[in-house]
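Me: I am new to this structure. Please pick one part, look at it closely, and then show me how the rest of the chain fits around that account.

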Amino acid sequence: MRVLVVEDDRELAEAIGVGLRREQMAVDLAFDGDAGLERALIHGYDVVVLDRDLPRTHGDDVCAHLVRQGCRSRVLMLTAAATIEERVDGLGIGADDYLPKPFAFAELAARVQALFRRAQPAIPPLLVHGDLELDTAKRRARRAGDVLELGPKEFGVLELLLAAQGRVVSAEELLFRVWDEEADLFTTAVKVTISRLRRKLGCPDLIETIPQAGYRI
């Protein structure tokens with residue numbers, strides 16, 4: 001999952017970013033409405049966590065513009081204003097969910113996950129291929145009953161490959177969905193992560209490399 005956090009309080013934005021990355025999400029940050037809008041339109045994030053009171057372009061205007069442009073990103077709006085009328089206004093301009101400040105991080109993470117699930121085609125909470133099981137809700141993986149200790153990128157890559165149900169997934173798609181904007185398009189990160197994942201999955205090898213195309217389970 002790839003998330004954009006648009007929040008002018010840099011300390012809060014960075015704290016949210018750190019927390020969501022620990023939840024195995026790829027996270028980009030923007031600190032004003034103009035930068036957030038530009039990134040959202042270019043990258044097509046799964047979820048945009050959007051502060052309402054932003055400098056340069058107000059959060060309401062950012063949300064409304066994303067809706068007008070047909071952006072498929074789900075929007076979780078944050079605000080210090082907590083009245084019912086203001087929440088209704090935020091939802092009325094196209095936000096998918098609304099979370100007043102201050103908030104518990106666990107609730108923020110849960111709402112982001114819920115919005116992501118709403119944005120995607122229905123994916124079973126348990127992805128299974130042979131003796132491999134991936135619990136997408138609890139973020140756990142097992143093979144032949146043994147727990148696999150996967151890092152965030154390894155889990156993200158495996159989740160995409162299993163969800164593809166045999167479709168070939170390109171390295172570019174893996175890089176975009178699992179990493180964030182800091183990733184170098186020419187990096188070997190995907191290849192290295194696939195190699196580590198293969199070692200952890202053990203034998204027989206489940207990941208097939210398709211030359212000039214990508215990877216599939």
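Reply: Start at helix H7, whose buried residues pack against strand E1 (2–6), strand E2 (26–30), H6, H8 and E11. This is a predicted model. Which residues of H7 are buried? They are Leu174, Leu175, Arg177 and Val178. An arginine is among them. H7 itself runs over 171–178.

Two of those partners are helices, H6 and H8. H6 gets the close look here.

H6 covers residues 152–163. It has 12 residues. From its first C-alpha to its last, H6 reaches 16 Å. That is close to the 16 Å expected at 1.5 Å a residue.

Which residues of H6 are buried? The list is Glu154, Phe155, Gly156, Val157, Leu158, Glu159, Leu161 and Leu162. Two glutamates, Glu154 and Glu159, belong to that list. What do the buried residues of H6 pack against? Strands E6 (126–129), E7 (132–135) and E8 (140–143) are partners. So are helices H7 and H8, along with strand E11 (214–216). H7, H8 and E11 were met above in another role: the buried residues of H7 pack against H6, H8 and E11.

Now take H6 with H8. H8 spans residues 189–201. Two packed helices are described by the angle between their axes and the distance between the axes. For H6 and H8, the angle is about 85°, and the axes are 10 Å apart. Why does that make H6 roughly perpendicular to H8? Angles of 65 to 115 degrees count as roughly perpendicular, so H6 is roughly perpendicular to H8.

Which residues make the contact? H6 brings Lys153, Glu154, Val157, Leu158 and Leu161. H8 brings Thr193, Ile194, Arg196, Leu197, Lys200 and Leu201. By class, there are six nonpolar, one polar and four charged residues in this contact. Glu154, Val157, Leu158 and Leu161 also appear among the buried residues of H6. An α-helix has 3.6 residues a turn, so residues three or four places apart point the same way.

What follows the helix? Just after H6, Gln165 takes a positive phi of about 55°. Beyond H8, Cys203 and Pro204 are joined by a cis peptide bond, with omega about -5°. Pro204 sits in the loop between H8 and strand E10 (208–210).

Look next at the strands on the list of H6. E7 and E8 are joined by a loop that holds Ala137. Is Ala137 buried or exposed? Ala137 is exposed, because its relative accessible area is 57%, and over 50% counts as exposed. The C-alpha atoms of Ala137 and Leu126 are separated by 8.0 Å. Those two residues are 11 apart along the chain. Arg139 lies in the loop between E7 and E8 too. Its phi is positive, about 60°, although Arg139 is not a glycine.

A second helix pair offers a contrast. H2 (residues 33–43) and H3 (residues 59–68) pack at an angle of about 20°. Their axes are 10 Å apart. H2 is therefore roughly parallel to H3, since the angle is under 35 degrees. The crossing of H2 past H3 is right-handed. Gly33, Leu37, Ala40 and Leu41 of H2 meet Val62, His65 and Leu66 of H3. This contact has five nonpolar, two polar and no charged residues.

A few single residues round off the tour. Gln24 is in the loop between helix H1 (10–22) and E2, the strand that also packs against buried residues of H7. Phi of Gln24 is near 70°, a positive value in a residue other than glycine. Gln24 counts as buried, at 17% relative accessibility. Thr79 belongs to strand E4 (residues 74–79). Thr79 is buried as well, with a relative accessible area of 1%. Among the residues Thr79 touches are Asp51, Tyr98 and Lys101. Lys101 leads into Pro102 through a cis peptide bond, with omega near -5°. Pro102 is in the loop between strand E5 (97–100) and helix H5 (105–119).

Last, the whole chain. It has eight helices and 11 strands. Of its 217 residues, 45% count as buried. Among contacts between residues at least 6 apart in sequence, 59% join residues at least 24 apart.

Definitions and conventions
Residues are numbered from 1 along each chain as its sequence is written. This is a predicted model: local features need pLDDT of at least 70, side-chain atom pairs count only at pLDDT 80 or more; totals for chains, interfaces and linings use all residues. Side-chain values use heavy atoms; hydrogens and water are left out. Axes are lines fitted to C-alpha atoms, for helices over the stretch in contact, and angles run from 0 to 180 degrees between N-to-C directions. Helices (H or I, at least four residues) and strands (E, at least two) are DSSP runs, numbered from the N terminus. Angles under 35 degrees count as roughly parallel, over 145 as roughly antiparallel, 65 to 115 as roughly perpendicular and the rest as oblique. Contact means heavy atoms within 4.5 Å. Ala, Val, Leu, Ile, Met, Phe, Trp, Tyr, Cys and Pro count as nonpolar, Asp, Glu, Lys and Arg as charged, and the others, Gly among them, as polar. The expected span of a helix is 1.5 Å times one less than its number of residues. Buried means under 20% relative accessible area, exposed over 50%, partly exposed in between (1.4 Å probe, protein chains only). A crossing is left-handed if the near helix is turned anticlockwise from the far one by less than a right angle, and right-handed if clockwise.
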